[in-house]
Protein chains: 2
Amino acid sequence: MAPQNLLTIAGTDPSGGAGIQADLRTFAAFGQYGTSAITALVAQNTLGVQDIMPSTPEFLEKQIRAVLDDITIHGIKTGMLYDATNARTVVKTLKSHYGNDTKKMPPLVCDPVSVSTSGHTLLQPDAVGVLINEVFPISTIITPNKSEAELLLSHQQDQKFEITDLEGMIEAASRLLSYGSKSCLLKGGHITVTQEDIDGACKQHQHIGVVREGLLEENMEILQLEGGNVGQPDPLVVDVLHQGNDRVTLYVRPHIESSSTHGTGCTLSATLAAELGRELPVDEAVRSATAYTHRGIETAYPIGHGHGPLNHLHSITKTYLPVATRTNPYPFTRFLIQSTRTLWKQYVEHDFVKQLGRGELRREAFVHFIKQDYHYLKYYARAHGLLAAKSTRFNQIKTSANIILHIIQEIGTHTSFCKQFGVSLEELEATPESAATVAYGSYLIDVGLQGDTSKLTMALLACLLGYGEVGLWLKKEASKPESWVNLSSNPYVKWIEDYSGPEYQEAVKIGLKTVEEQALSDPPSETRLNEWCEVWRKCTWFEKCFWDMAFTETAYNSRQQA
Amino acid sequence: MAPQNLLTIAGTDPSGGAGIQADLRTFAAFGQYGTSAITALVAQNTLGVQDIMPSTPEFLEKQIRAVLDDITIHGIKTGMLYDATNARTVVKTLKSHYGNDTKKMPPLVCDPVSVSTSGHTLLQPDAVGVLINEVFPISTIITPNKSEAELLLSHQQDQKFEITDLEGMIEAASRLLSYGSKSCLLKGGHITVTQEDIDGACKQHQHIGVVREGLLEENMEILQLEGGNVGQPDPLVVDVLHQGNDRVTLYVRPHIESSSTHGTGCTLSATLAAELGRELPVDEAVRSATAYTHRGIETAYPIGHGHGPLNHLHSITKTYLPVATRTNPYPFTRFLIQSTRTLWKQYVEHDFVKQLGRGELRREAFVHFIKQDYHYLKYYARAHGLLAAKSTRFNQIKTSANIILHIIQEIGTHTSFCKQFGVSLEELEATPESAATVAYGSYLIDVGLQGDTSKLTMALLACLLGYGEVGLWLKKEASKPESWVNLSSNPYVKWIEDYSGPEYQEAVKIGLKTVEEQALSDPPSETRLNEWCEVWRKCTWFEKCFWDMAFTETAYNSRQQA
């Protein structure tokens, strides 16, 4: 599913913690696509605002149009609009694109940015009226903090409106809502609230809801053993969401002492635009946005000399697996093979394989290999039994059973090979297992007992893929003019035909898809990926050792007989 | 470890695919912190450039200083510098901050942006000389494409320099290097190259290296079975890195037919700044940057009506676990408990617990519970044996062994409880297991056989935590004035003391830390997290059922006797 496209209309922050830079980083953290129109260049950093260079209204309009005319936008936020002209330009351009019917417009989040943390005016006085009369009425939600709410509510009033407590916040949110936005989130970062205040508000108001985040509940004594805010949860921070008709929700979280608060408002409103953009209801969007912003402050690390930025990237992590693309349909398997490139080559281009391809392999070495492979296949079949035992779905259990039946068939080929080379079934059964066989076979069982299905699948892969690769490689080489591979008078031609044949190759294809789907549906962490690679590496090495064994042990026997 | 801080000095793209917007998204995708100074506002989208509004040189300087004066920068890239004055301002401001000794400056990547894909001039003609004479000499690497290289090499020459093939690229890179940058990456997106050309270049030049990305090698026939570029790997795209002294590296990848190429150059140079910023050698940084950019094109989805942006976010994924913070030291366990809040409460505040706390629990129910718990603990101990068998480290094996010994001790308490209530060891052993006991116990063994250590650890957690929680809760309630919990004349006081006592609580603490460390060191995918939650939910439910059983089965027995 393609991500949503979002638009921020705001000022800039070269130091990255606020403005469109913070908005775009937030959109990216939510996996959404961000676009932006700049109302003013702001020279600022964590210490304060040094200067402002506004965009002309004409150029602001061109930027907004460049986005809207080309890209379908799912959510919009406005931040610093700077002055009355630019604020009007934003409204005019949006209305001109979407028509006067705001229902056609995507959700609009208006963060009525007016004064920076450092005290710099970011909204010219003439713009306050435009915000109230033109921007709010087309807004899904407005997100003032205490001082912005006070400024807005004191506009054209004789008396300064002051907010000092939770009741005042609820009252202010209600009054702000009368300016025409669909909802109002009054941010409580600068107002201290206790649990008693919240209990009081709950008694006072009928339709009040409380959402708690980052606080321990009853029956979680066990997590209170060490440190944290526990036992002394006050002071609390409460954001008040008012959606009209007395529908009030309080978002409660512990207060955090932190200087990493630069751009908190930008981050919150950008998150709201992202969440409303994917059609979350307002109260859920606010829950997500307040939680994300809270964690951004909690996980921040120091940047700059003043009020540093939040950590916007706490919610994402690196993807360790390459993604599937048109030119790389099996990215994980390719990754595995390339992670052990040298060993893989030593395995699939082993002298044993080359001599077999030429038809020059010593008969004794081949027979020894086939006898040991017969024993190995018993472990291999048992490991698939273990895989069935570890599966959670019938189709997985069925696949394992089918593979076991395949192996039983392969065993038939082995015994007929042996017969052809004068080895009876009794002699075959009586042949002692070589150390290389026991090591590889027991390792499969050990991995199967130790890990989950994914680890076991990795262990089973080197054998499946490698023999398929050897079959295809010999076949491909044989098709070249004057090839070194000899298929016409080769005593081992049936072996080559079997592993390059459609039946085995079909099994390989199923195995490939299983592994890719598994990696895709349950992407490994770095730790698990390393474990998988190690299992793959070990099994590739066991495979090489297996063919080494066919040479060395028969050479030893030859010497013994000599 | 704190991420690196990076600075981009470039133009803007409201539609988000290029300019500082693409750079900042790239930095975010690499987990790095991005800052930015804007040389010019550009009204552009995927269809082309509509207009440009340059920053004044003074304001550009203020933006750069806002960043450099406040934040330690580890890597810088320049994109569109627009005109001679702004280009000179960038050089002047950097030199004024770092001094004339470029060794003190972080790595500088210069992307000599001159003309947009749509043909719009992004660099005034007067700026070409400034780039060559002032920016290149302080650059770690320059990253021209074919037309930029031709423009730069034709500057002040009588004749237009033209690049038509791989040899021409290598020659051009060598000449560009003479302008003074430490290295030159000539991008080959617009030049078609074959494997023969590459083989030819390798014969021609002594110190040439070839890095292949996204191409299948020999011995990977197995991955060639279906579709893709395989079998017909041409045309290829080659980027040429020249590091002086004839040190040339070719970065080879398959050509991709795609219209999602808007901002490719920005993305590549931003990635280079990010990778050089964390002190990767130039050739490794180029390898990473070309691979990232290539995958960005391959995984792009359509945005806009023209040349759409790359997918910058293909390399990151959502983090599914909440992060540990000061106020939330056990985020994963908290998440687990809150994911089954109701069931958890039904378990730890079960009527059995409340009656036990009051000292009013029917003696028969308690004895039944203790007898079944005795049986259950055998499964629980065996499951820890299984955990030991699945462990890879001695300290894990030791922890399991210690827990088993703890359980054996708990068994001693159980037998002495039974003795106290008139039940002999023989009677205890002879008591048949209830269905609830078999269900829970066998489930532990099943999970243990089916999954890896993480899944088994989840299964063992509900019992460990819940009993610790019950102990602490009763103890805490007892400490309240006029409490409902009765510790003075309660026949079950020893049970409460045991589970709230330091020894058991210490074991709980170790368990908590183990689980948190496990989740942190091997963060689960969404699929695995859901599996873990389901195991936790099931075991919480089994615990509740266990206490239900103590009531229902003894009530049944009472009725039978009546």
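Biologist: What makes the contact between Asp239(B) and Arg253(B) count as a salt bridge?

Modeller: In this predicted model, the closest N and O atoms of Asp239(B) and Arg253(B) are 2.8 Å apart. A salt bridge needs a side-chain nitrogen of Lys or Arg within 4 Å of a carboxyl oxygen of Asp or Glu, and therefore the pair, at 2.8 Å, meets the cut-off. The pair links distant parts of the chain, with Asp239(B) in strand 9 (residues 236-242) of chain B and Arg253(B) in strand 10 (residues 248-254) of chain B, 14 residues apart. Both Asp239(B) and Arg253(B) are buried.

Biologist: How many salt bridges does a search of the whole structure find, and which residues make the one from helix 2 of chain B to strand 3 of chain A?

Modeller: Over all chains, the search finds 50 salt bridges. The pair that crosses between chains in this way runs from Lys62(B), in helix 2 (residues 57-68) of chain B, to Asp51(A), in strand 3 of chain A. The side chains of Lys62(B) and Asp51(A) meet at 2.5 Å, N to O, and that value lies within the 4 Å limit, so the name salt bridge applies.

Biologist: Why is Lys62(B) called partly exposed, and what is the relative accessible area of Asp51(A)?

Modeller: Buried means under 20% relative accessible area and exposed means over 50%, with partly exposed in between. Lys62(B) has 36% relative accessibility, so Lys62(B) counts as partly exposed. Asp51(A) has a relative accessible area of 24%, and therefore Asp51(A) is partly exposed too.

Biologist: Why does Arg528(B) count as buried or exposed, and which residue meets its side chain in a salt bridge?

Modeller: Arg528(B) has 2% relative accessibility, which is under the 20% limit, so Arg528(B) counts as buried. The side chain of Arg528(B) meets that of Asp522(B) in a salt bridge of 3.7 Å, N to O. Asp522(B), at 10% relative accessibility, is under the 20% limit and therefore counts as buried as well. Salt bridges that share partners join Asp452(A), Asp522(A), Arg528(A), Asp452(B), Asp522(B) and Arg528(B) into one network.

Biologist: Which strands are the edge strands of the sheet in chain A, and what makes them edges?

Modeller: The sheet of chain A is open, with 10 strands in the order 3-2-1-4-5-6-7-9-10-8 and mixed pairing. Its edge strands are strand 3 (48-54) and strand 8 (208-212) of chain A, each of which pairs on one side only.

Biologist: How do we know that strand 2 and strand 3 of chain A pair, and how many bridges join them?

Modeller: Two strands pair if there are at least two bridges between them, and 6 bridges join strand 2 (residues 33-45) to strand 3 of chain A, so these two strands, which run antiparallel, count as paired. Among the bridge partners in strand 3 of chain A, Val49(A) belongs to Gln44(A) and Pro54(A) belongs to Ala40(A). A hairpin joins strand 2 to strand 3 of chain A through 2 residues.

Biologist: Which residues form the negative surface patch, and why is Glu196(A) called exposed?

Modeller: The negative patch is formed by Asp165(A), Glu167(A), Glu196(A), Asp197(A) and Asp199(A). The largest share of the patch, 3 residues, comes from helix 7 (residues 195-204) of chain A, and Glu196(A) is found in that helix. With a relative accessible area of 55%, Glu196(A) is over the 50% limit and is therefore exposed.

Methods:
Residues are numbered from 1 along each chain as its sequence is written. Chains are lettered from A and ligands numbered from 1 in the order in which they are written. This is a predicted model: local features need pLDDT of at least 70, side-chain atom pairs count only at pLDDT 80 or more; totals for chains, interfaces and linings use all residues. Side-chain values use heavy atoms; hydrogens and water are left out. Patches are made of residues with over 30% relative accessible area and no salt bridge: like charges are joined within 9 Å, nonpolar side chains (Val, Leu, Ile, Met, Phe, Trp, Tyr) within 5 Å. Accessible areas come from the Shrake-Rupley method with a 1.4 Å probe; for residues, only the protein chains shown count as cover. Lys and Arg count as positive and Asp and Glu as negative; His and the chain ends are not counted. The place of a charge is taken as NZ of Lys, CZ of Arg, CG of Asp or CD of Glu. Helices (H or I, at least four residues) and strands (E, at least two) are DSSP runs, numbered from the N terminus. Buried means under 20% relative accessible area, exposed over 50%, partly exposed in between (1.4 Å probe, protein chains only).
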